[in-house]
Amino acid sequence: LGGEAMIPYFARLLDITMNNRSIPGDWKKAIVVPIYKGVNRYLRQIWEKSEWLYEGQHGFRPGHSCESQLVTVCQDIADTMDKGVRTQSRGV
């Protein structure tokens, strides 16, 4: 599973975490490896062809950035609110 198929599972995990008001210890551990923004074209082609990157992924893609991700999220929230749908947002 990957991409959009994982959303319900991550949403459920996030709900459980927020309802318990605690973050599992394993989630507090990480090995962070920065990836150079100008990632190798070959790798990017592999990611795109294999559909490893969700279409909403903004990092490591030409013409996408943190700013474009923020604009997309804000627009999605505004569109949902305009439709009168209850909107919630949680950040981790």
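With a relative accessibility of 63%, Glu-55 counts as exposed, because the cut-off for that word is over 50%. This residue makes a friendly starting point for a walk through the structure, which is a predicted model. Glu-55 sits in the loop that joins helix 2 to helix 3. Which residues does Glu-55 touch, once its neighbours within four places in sequence are left aside? They are Glu-4 and Arg-61. The contact with Glu-4 brings together residues that are 51 places apart along the chain, and their C-alpha atoms are separated by 8.8 Å.

Before going on, it helps to know how confident the predictor is. Averaged over the protein, the pLDDT is 77, and 82% of the residues reach at least 70. The elements on either side of the Glu-55 loop mark the two ends of the range: helix 2 has the lowest mean pLDDT among the elements, at 76, whereas helix 3, made of residues 66-82, has the highest, at 86.

Now let us move to helix 1, where Thr-17 is found. Is Thr-17 buried or exposed? Its relative accessibility is 8%, so Thr-17 counts as buried, given that the limit for buried is under 20%. Within this part of the chain, a polar atom of the Thr-17 side chain lies 2.9 Å from the backbone oxygen of Leu-13. Beyond its neighbours within four places in sequence, Thr-17 is also in contact with Ser-22, Ile-23, Pro-24 and Trp-27.

One of those partners, Ile-23, leads us out of the helix and into the loop between helix 1 and helix 2. Ile-23 has a relative accessible area of 45% and is therefore partly exposed. Together with Phe-10, Leu-13 and Trp-27, Ile-23 forms a nonpolar patch on the surface, and these residues share about 410 Å² of accessible area. Two familiar names return here: Leu-13, whose backbone oxygen lies 2.9 Å from the Thr-17 side chain, and Trp-27, which is in contact with Thr-17. A buried threonine thus touches members of a surface patch, among them Ile-23 and Trp-27.

The last stop is Arg-21, which is placed in the loop running from helix 1 (7-20) to helix 2 (41-50). What is special about the backbone of Arg-21? Its phi is positive, at about 55 degrees, although Arg-21 is not a glycine. Arg-21 has a relative accessibility of 77%, so this residue counts as exposed. In the same loop, Ile-23 is partly exposed.

How values were computed. Residues are numbered from 1 along each chain as its sequence is written. This is a predicted model: local features need pLDDT of at least 70, side-chain atom pairs count only at pLDDT 80 or more; totals for chains, interfaces and linings use all residues. Side-chain values use heavy atoms; hydrogens and water are left out. Helices (H or I, at least four residues) and strands (E, at least two) are DSSP runs, numbered from the N terminus. Buried means under 20% relative accessible area, exposed over 50%, partly exposed in between (1.4 Å probe, protein chains only). pLDDT is the predictor's confidence in each residue, from 0 to 100. Contact means heavy atoms within 4.5 Å. A polar contact is a pair of N or O atoms within 3.5 Å; within protein, one must be able to donate a hydrogen and the other to accept it, and residues adjacent in sequence count only if both atoms are side-chain atoms. Patches are made of residues with over 30% relative accessible area and no salt bridge: like charges are joined within 9 Å, nonpolar side chains (Val, Leu, Ile, Met, Phe, Trp, Tyr) within 5 Å. Accessible areas come from the Shrake-Rupley method with a 1.4 Å probe; for residues, only the protein chains shown count as cover. A salt bridge is a side-chain nitrogen of Lys or Arg within 4 Å of a carboxyl oxygen of Asp or Glu.
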